[in-house]
Amino acid sequence: MKETVIIAGFGGQGVLSMGKILAYAGVVEGMEVSWMPAYGPEMRGGTANVTVILSDKPISSPIAGVFDTAVILNQQSMDKFESAVRPGGVLIYDTNGITRHPERKDITIYSMDATEQAARRGMARMFNTMVLGGYLKVRPVVRGQSVVEGLRRSLPERAQKLVPENERAMRVGAEIVAKK
Amino acid sequence: MEDLKLIKGNEAVALAAIRSGCDGYFGYPITPQSEILETLMELRPWETTGMVVLQAESEVASINMVYGGASTGKRVMTSSSSPGISLMAEGISYIAGAGLPCLIVNVQRGGPGLGTIQPSQADYWQAVKGGAHGDFRMIVLAPASVQEMYDFVFDGFDLAFKYRVPVMMLSDGIIGQMMEKVAMGRERPRWSADELGDWCVGVGKNNIITSLELDPQVMEGRNLALQRTYNEIEDNEVRYEEVNTDDAEYVIVAFGSSARIASEAVELARRDGMKVGLLRPITLWPFPYKRLRQLAGSVKRFLVAELNAGQMVEDVRLAVDGCVPVDHCGRMGGMIFSPEDIYEQLKGHGKGI
């Protein structure tokens, strides 16, 4: 098993920490993992992305030109990464702010209105774990229990109390993700 | 499971520094390596091992604090990224001239000048050809994983003290910023006063540490002694890794992050039935000239994949000495090639393999 996923959106959406939780879940399951961020002046409002690879074999390149799955959270990222999904791969996107929807016919496309649902349910800060829940529903590459453990390990001490709420957000994400 | 951590390459350097018995870190922040200093400050090792962590006023000050610390026989280090390393050039030459051990970590970014904060390998020449004035060498270790960024702190200190030379760990923004699993098995305490070398300065020791010598004859003698050390290092410390070179007709030569990307290009090529292998120099100096020369007897072509304009190509050509063609695949200025990019380049040159 090898899953190469890019998670891309605005800085502040929790793109990098979503990748980190996923990578930690992989570690919990004894997988090889890599987490490669686009680093730099990305901050709130700028663009941010991270490539996470989970594999049962040692990972050669942490840099990928083609992805099994793309999780797209804004229009700029759609423009940049829709074409980088491998034929037969998966694209999951948040519909908020998307003006040009994905057009490819050779990949499976899922959408979720996570931004709106998170706001409506008072879970805006759990947006990224909601998206993660949607992703894992479509691509169950790690077990839910490992993700919770991954959450515990990637959250600082003071934020441990937020774990149950994040679990709830993941369940919501799994419910609202839908095939296009 | 317990000793496995998911951390960035830069964090691995900080953790390894504390666990390798380092006595002092002196540095100045610069992207993409600031997490080294930040992590050390967060971990507060001065309260546990007694290790000093100091943010100096500049890179020039940092390297001279390293010079001072190294003179006392302690394990000391600094880290920076490309432009910051250039600022340290004078101090590195002094440390080499005075015959002192230390560890310098360069998490490279794109240049020249202030350049970019994105990853690059454009400081290859600077690292392996001396990088400052005078006839001197540094042992250069090129980590290709977060685990190696951890391990090479230990190895770097060991080599530095074995030969009393500065050692550089030449990493880049990819390996520094990415997170991978790291096994943190190795750990050792700082040296006690009795364990320090007899060559250093300190209480009860009659040594003079300097790189200055006004008598040319004596100065030539010092140079000859340095060269003998360098020859010994060339004989004993060459390190490299090979993948699928046994039956390879085409060998990619790549170091650090590029070697990771290239190893996937090898997998792509092998899947299509091309006989491709990879040679990854782990020590960039001393360079694996001999092994490349051997391979030139059976290989049809070499492709050097590096994130620069073709700096290591010169060393591979020197090794191969015209026997077979040596091509280059590179990106610059913070751009990164993908495994597919390297494979395409390989196929372009690889017709008939």
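Biologist: In this predicted model, which residues touch the most other members of the largest nonpolar core, and how many residues does that core hold?

Modeller: The largest nonpolar core of this predicted model holds 165 residues, and the two that touch the most other members are Val140(B) and Ile252(B). Domain 1 (4-236) and domain 2 (241-349) of chain B both give residues to this core, so the core lies between them. The names and the number asked for are therefore Val140(B) and Ile252(B), in a core of 165 residues.

Biologist: Leaving aside neighbours within four places in sequence, with which residues is Val140(B) in contact?

Modeller: A contact here requires C-beta atoms that lie within 7 Å. With the neighbours within four places in sequence left aside, the partners of Val140(B) are Ala127(B), Val128(B), Met168(B), Leu170(B), Thr283(B), Leu284(B) and Trp285(B).

Biologist: How far apart are the C-alpha centres of the two domains of chain B, and which helix gives the largest share of the side of domain 1 that touches domain 2?

Modeller: Chain B is divided into domain 1 (4-236) and domain 2 (241-349), and their C-alpha centres lie 28 Å apart. The contact takes 26 residues from domain 1 of chain B and 23 residues from domain 2 of chain B. On the side of domain 1 of chain B that touches domain 2 of chain B, the residues divide into 17 nonpolar, 6 polar and 3 charged. The distance is thus 28 Å, and the largest share of that side, 4 residues, comes from helix 6 of chain B.

Biologist: Is strand 4 of chain B enclosed or open, and why?

Modeller: On one side of strand 4 of chain B, Val76(B), Thr78(B) and Ser80(B) are buried, and on the other side Met77(B) and Ser79(B) are buried too, which leaves both faces covered. In a regular strand the side chains alternate between the two faces of the sheet. Because 5 of the 5 residues of strand 4 (residues 76-80) of chain B are buried, this strand is largely enclosed by the rest of the structure.

Biologist: Which residue is the bridge partner of Ser80(B) in strand 5 of chain B?

Modeller: Strand 4 of chain B pairs in the parallel sense with strand 2 (residues 24-27) of chain B over 2 bridges, and there Gly24(B) stands opposite Val76(B). Strand 4 of chain B also runs parallel to strand 5 (residues 102-108) of chain B, to which 4 bridges join it. In strand 5 of chain B, the partner of Ser80(B) is Asn106(B).

Biologist: Which strands stand at the edges of the open sheet of 9 strands?

Modeller: The order of this sheet is 7(A)-6(A)-5(A)-4(A)-1(A)-3(A)-2(A)-8(B)-1(B), with mixed pairing. Each edge strand has a single partner strand, so one side of it is left without a neighbour in the sheet, and these strands are strand 7 (178-179) of chain A and strand 1 (4-8) of chain B.

Biologist: Which element gives the most to the side of chain A that touches chain B?

Modeller: In total, 17 residues of chain A are in contact with 21 residues of chain B, and the residues on the side of chain A divide into 12 nonpolar, 5 polar and no charged. Strand 2 of chain A also pairs in the antiparallel sense with strand 8 (residues 179-183) of chain B over 2 bridges, where Trp35(A) stands opposite Met179(B). The element that gives the most, with 5 residues, is strand 2 of chain A.

Conventions:
Residues numbered from 1 in each chain as written. Chains lettered and ligands numbered in written order. Predicted model: local features only at pLDDT ≥ 70, side-chain atom pairs only at ≥ 80, totals over all residues. Buried ≥ 20, exposed ≤ 12 C-beta atoms within 10 Å, placed from the backbone. Pairing = 2+ DSSP bridges. Contact = placed C-beta atoms within 7 Å. Nonpolar A, V, L, I, M, F, W, Y, C, P; charged D, E, K, R; others polar. Core = buried A, V, L, I, M, F, W, Y, C linked by C-beta atoms within 7 Å. Domains from an automatic or database assignment.
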